[in-house]
Structures are given as structure tokens and as C-alpha cells.
Amino acid sequence: MSDHWPGLETIFVPNGETLVVSSPQDVTAILQEMPEDTRRTIADRASRRVRRDHTPDHRPRQLEDYYREALSRRSRPARQVKNTATEAPVELKLGLS
């Protein structure tokens, strides 16, 4: 179980690999009302996800990928994209300062 925070869905699938709660009462309700087999299924999914994507072995590769992405953005010029709210072009500066 987790409270909601920005980016949670990039690590776990809410209500599939973790249960999102906003109060102690939510936790109590889940423990009392959700069937044990459902809770175990969600816990098993979370465990598999952690072992597959979130181990210390994954972090160096992930850091290298971020580094390569940042380097590739440094060499790209700014490009124009349309702002869908106004349809006016918006300049995006891609790269590191």
C-alpha cells in the first residue's frame, strides 16, 4: 500500500501492483474488506515487478541510459511544437544548460 505521489505509476501499477490509500481508514478497510487472495495477488505482482525492474543491478544501467539520453539532447537544436491549447508554436529547448 502507498499514498499517492507523482510518479508512482512509473514504478507500480496502481490497484494492480500496489493499493493507493489516503488515510489510515483506507488501510483498515482494505485489510478488513478485501479478500486475502486478492491482496496476495497484488503483493505477488508487486514483488515480481521489484525483482524484474527495481534491483541494484538495474540502477547502473538506468543511470547510463539517462546519461546517454541527456547527451543526445545536448546536441539537438531547439524545435517548434504546437501548443494544443492555443495552437500557437511553442519553442522547446532540448538539452542541458
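Reader: I'm looking at Ser-2 in this model. Which side chain does the side chain of Ser-2 join in a polar contact?

Author: The partner is Trp-5: a polar contact of 3.2 Å links the two side chains. Keep in mind that this is a predicted model, so we're reading a prediction here.

Reader: Where along the chain is Ser-2, and is Ser-2 buried or exposed?

Author: Ser-2 comes in the segment before α1, the helix covering 8-11. To judge burial, look at relative accessibility, where anything under 20% is called buried. Ser-2 has 15%, so Ser-2 counts as buried.

Reader: Which residues is Ser-2 in contact with, leaving aside neighbours within four places in sequence?

Author: With those neighbours set aside, Ser-2 touches Leu-8, along with Thr-18, Leu-19, Val-20 and Val-21.

Reader: Let's try another one. Where is Thr-55, and what does its side chain contact?

Author: Thr-55 belongs to the loop that links α3 (36-53) to α4 (58-74). Its side chain has a polar contact of 2.6 Å with the side chain of His-58. Thr-55 also counts as buried, because its relative accessibility is 19% and the cut-off is under 20%.

Reader: What about phi? What is special about Asn-15?

Author: Start with the general idea: most residues other than glycine have a negative phi. Asn-15 isn't a glycine, yet its phi is positive, at about 65°. You'll find Asn-15 in the loop between α1 and α2. With a relative accessibility of 53%, Asn-15 counts as exposed.

Reader: Can we zoom out? How many helices and strands does the protein have, and in what order do the elements run?

Author: There are 4 helices and 2 strands. Reading from the N terminus, the order is α-α-α-α-β-β. As for burial across the protein, 16% of the 97 residues are buried. The accessible surface is about 7700 Å², and carbon and sulfur atoms account for 54% of that.

Reader: Where is confidence lowest, and where is it highest?

Author: The general rule first: where pLDDT is low, don't read the predicted coordinates in detail. The protein averages 82, with 77% of residues scoring at least 70. Helix α2 (residues 24-33) has the highest confidence, at 94, while strand β2 (residues 89-92) has the lowest, at a mean of 46. Over residues 86-97 the pLDDT is below 50, though in the model this stretch has 25 contacts beyond near neighbours in sequence.

Notes: Residues numbered from 1 in each chain as written. Predicted model: local features only at pLDDT ≥ 70, side-chain atom pairs only at ≥ 80, totals over all residues. Heavy atoms only, no water. Buried < 20%, exposed > 50% of the residue type's maximum accessible area, 1.4 Å probe, protein only. Polar contact = N/O pair within 3.5 Å; in protein donor to acceptor, adjacent residues only side chain to side chain. Contact = heavy atoms within 4.5 Å. pLDDT = per-residue confidence, 0-100. Areas by Shrake-Rupley, 256 points an atom, 1.4 Å probe, with all protein chains shown as cover.
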